[in-house]
Amino acid sequence: MAKKRKTPPDPLHAVLKIRPGDRAPKYRQIVDQVIHAVQQGKLGKGSHLPSINEVCAQYALARETVVKAYKTLKEKGLVDSQPGKGFYVATDHYTQKTNVFVLFDVLATPYKERLYQGIRDELKGKASLDVYFHHHNPNVFRKLLDDARGRYEYYVVMPFPDDSVRDVLAAFDQEKLLLLDIDIDFPGKQCAVIRQNHDEQLEQALDSGVKQIKRYQSFCLVFPRDKNHPTVIKTAFRRFCRRHQIEHRVMSSLSNDDIHPSNAYLVIEDDDLVTLVKHAKAHHLRVGRDLGFISYNDTPLKEIVEGGVSVISIDFYAIGRRTAEQIVRRETIDVLQPTELILRESL
């Protein structure tokens with residue numbers, strides 16, 4: 001008796017997931033997922049793909065949807081077909097520019113420019129980046145992401161704590177989403193995260209400079225209202241000071257009347273750093289001796305101002321490069337970028 005011919009395995013079934021709630025057209029979902037599977041090595045050259053009729057039946061799709069998807073893949077040189085052999089993957093390697101939606105919080109700042117430069121340098125033309133800003137406005141955040149959904153292969157988003165922000169992120173394809181800088185929870189969250197920690201890691205960074213900080217009579221945190229900075233910064237600051245028995249206070253603004261010799265200051269906004277430098281010059285105070293200060297987030301200029309400003313910062317260029325790697329690799333990651341205190345002449 002002749003043996004029955006075995007049906008070739010269907011590797012497409014393992015990588016293809018049609019999501020009815022996804023705003024991307026179903027044919028586009030097929031195309032994107034096949035491209036991603038080839039790039040990840042999950043589909044190799046010669047891998048058998050099911051016929052158009054089989055895909056229609058298995059995933060309850062209209063014939064024109066699958067025809068359009070296979071036609072698009074053939075036009076890209078990713079899939080081919082032959083009589084008697086059917087559809088198959090035509091290459092082990094596929095490179096295309098990935099269209100990436102990048103949503104930052106506010107307009108470019110020096111440290112954010114370093115982050116963006118890290119992304120661009122690492123990608124080296126492998127992706128096209130469209131950059132937007134939400135300015136911590138929930139309505140702007142929702143509109144930008146709603147308008148962008150389904151138009152890009154990947155989404156890099158700086159979120160902020162807000163219920164409507166969580167709702168928007170929960171509706172996204174988690175495999176195409178990366179939360180950057182700040183991490184927040186939302187229902188069904190399974191996306192990638194590259195973040196910094198403003199709590200325990202901030203406290204550990206301050207610990208590394210406790211000897212220098214204790215030279216001053218008091219340590220002051222300038223934490224402006226309505227700037228959407230993480231409130232855990234205040235918690236970590238107070239915890240550090242109490243643990244080391246350092247006299248301290250938290251201020252929402254900084255004026256010349258608030259600046260006193262023999263005090264050290266931790267400032268988040270660069271405007272407050274400028275106020276400190278101007279005050280020191282006007283009153284002939286020696287920076288790093290009569291008056292100490294630490295700034296948040298490093299920039300090239302802070303390396304030279306007043307002989308160097310001490311900073312608490314992450315490596316924004318490194319976090320940009322890691323973001324670019326994630327755009328290419330699409331892994332499910334949770335990366336914590338270390339926070340450190342860089343001591344210079346201002347403390």
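**Sheet, loop and helix pair**

Colleague: In what order do the six strands form the open sheet?

Modeller: The pairing in this sheet is parallel, where strands (E, at least two residues) and helices (H or I, at least four) are DSSP runs numbered from the N terminus, and two strands pair if DSSP finds at least two bridges between them. This is a predicted model, with residues numbered from 1 along each chain as its sequence is written. Local features need pLDDT of at least 70, side-chain atom pairs count only at pLDDT 80 or more, totals for chains, interfaces and linings use all residues, and side-chain values use heavy atoms, without hydrogens and water. The order is E5-E4-E6-E7-E8-E14.

Colleague: Which are the edge strands?

Modeller: An edge strand here pairs on one side only. That holds for strand E5 (127-133) and strand E14 (334-336).

Colleague: Which residue in E7 does tyrosine 155 stand opposite?

Modeller: Strand E6 (residues 154-157) pairs with strand E7 (residues 177-181) in the parallel sense, over three bridges. Opposite tyrosine 155 stands leucine 177.

Colleague: Is proline 50 buried or exposed?

Modeller: Proline 50 lies in the loop between strand E1 (48-49) and helix H3 (52-59). Its relative accessibility is 3%, so proline 50 counts as buried (under 20% relative accessible area; exposed is over 50%, partly exposed in between, with a 1.4 Å probe and protein chains only). The state is therefore buried.

Colleague: How far is the C-alpha atom of proline 50 from that of glycine 86?

Modeller: Along the chain, the two residues are 36 residues apart. The separation of their C-alpha atoms is 7.6 Å.
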